[in-house]
Amino acid sequence: MEWGEMMKALIVGVRYKEMNYDLDNSLIELEELCKACNIEVIKRCVQNLDKINPSLYIGTGKVQEIKGQLDNLDLVIFNEELSPLQVKNLTDILDIEVTDRTALILRIFEVRAKTKEAKLQVEIAKGQYLLPRLAGMKEHLYSQQGGSGFRGSGEKQIELDRRLVSNQIFNAKKQLANIVKQRQNQRKRRKDNEMKVIALVGYTNSGKSTLMNAFCLNKNKQVLQKDMLFATLETATRHITINQHPCLLTDTVGFIERLPHHLIQAFRSTLEEVVEADLLIHVVDASNPNYEQYINTTNAVLKELGIKDTPMIYAYNKVDLNKYGFIVPLEPYAFISAKERIGLEVLEKSISDILFKDYAIYDLNIPYQDGEVFKYLHQHCLVLEFQYLENSIYMKIEAHPRFMVQYDQYLLKH
């Protein structure tokens, strides 16, 4: 089946003793993932087991039951990552395409990736997902196929495949390293400019891109916003103003429960934007009954990235849907609707109180021959007042004391 065509699927989940997530919520999310890549879920199958079946994931009786329900369906999708052996055995018995949650997320990312960086990151993630599976397939060849000559040829093919995938990962990482270096240089310039960087984080489809567009008044610079999981894969950074102060606002890929580890690793360079930020705005879908779980998931990923001391504001979004009445918000917070532009002034004040609390007002006198200094300060600071005098330009600006050290010669001492 071509990717663009609508496919029909049966999804499978298992409730077992050692599981550490809510199966019902996870299956709802799996349906959303299917929807995001043009797959219609026709049937849902759930089994209760003491532990996962290592060869089939589910019980043999349940496999036969599923086999009798596959008329007019295109694939079967399991809610957890399957081993290569499980995929092989299930495909042989069911005679239909069998895939899992991880492969589905990777597939979505592959289709949505638009920039060179995102494509390279997905290529690395796919390769890292595939390599151990090739190893599993190799073991399968060893155990299943008779005759040393045949087994040897099988081993040779697997080794060739492994080398091919390993080379693809190596080359993609090399190209990505160059892009990361460019990004780091850009960040260094921003730091040198003392321009504050704000990063939007949160669960996928919480409304981060909509909030970014609400702050970004230039329509030509707005990012894609869509009611769909993983609508945004690329990091986008835009110039905005917070209480008239110039700032940079970064939109990031959304997090998801049990995000495949390959993707966290592959997207680490993109998420470095979050590590470098001066402030995080944690966007929460206040209309979702599982909002607390999604907050915990996002915070867990941030912790994995090594983020612990960066200030954070919780922006409880989608209040226009009127489902937030019983929320006990985490501090500091703002209740907002990015779509309807409700509560943005409260959020902006909270941002300002955190980012600019150490700022002070300075009077400067800049000679006309240093006009570049005037131009630079005009672009990077909040200018409260300026006046063209006979031999110089008078400026009153609000800025951080650390930033003003380099302009000490122009300061008017009171």
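Which residue in β13 does Q387 stand opposite? Hold that thought, everyone, and thanks for coming. A quick reminder before we look: this is a predicted model.

So, the answer is Y394. Q387 belongs to strand β12, residues 382-388, and Y394 to strand β13, residues 392-399. The two strands run antiparallel, with 6 bridges joining them, and the hairpin that takes β12 into β13 does it through 3 residues.

Now let's turn to the sheet. Here we have 6 strands in an open arrangement, ordered β6-β7-β5-β8-β9-β10, and the pairing is mixed. At the edges stand β6 (236-242) and β10 (333-335); each has a single partner strand, so one side of each is left without a neighbour in the sheet. From one strand to the next, the twist averages 25°.

Let me zoom in on one pair. β5, residues 196-202, and β8, residues 279-285, are parallel partners over 5 bridges. If you'd like a spot to click on, G202 has V283 in β8 as its bridge partner. Packing on this sheet is helix α10, residues 291-304, which touches β5, β8 and β9 (312-317). The direction of α10 makes about 150° with that of β8.

Last stop, a pair of helices. The axes of α7 (residues 208-215) and α11 (residues 344-355) come within 12 Å and cross at roughly 85°. Angles of 65 to 115 degrees count as roughly perpendicular, and α7 and α11 are therefore roughly perpendicular to each other. Who meets whom there? From α7 we have L211, A214 and F215, and from α11 L344, L347, E348 and I351. By class, that contact has 6 nonpolar residues, 1 charged and no polar ones.

That's my tour, happy to chat!

How values were computed:
Residues numbered from 1 in each chain as written. Predicted model: local features only at pLDDT ≥ 70, side-chain atom pairs only at ≥ 80, totals over all residues. Heavy atoms only, no water. Pairing = 2+ DSSP bridges. Helix = DSSP H or I, 4+ residues; strand = E, 2+ residues; numbered from the N terminus. Axes fitted to C-alpha atoms, helices over the stretch in contact; angles between N-to-C directions. Contact = heavy atoms within 4.5 Å. Parallel < 35°, antiparallel > 145°, perpendicular 65-115°, else oblique. Nonpolar A, V, L, I, M, F, W, Y, C, P; charged D, E, K, R; others polar.
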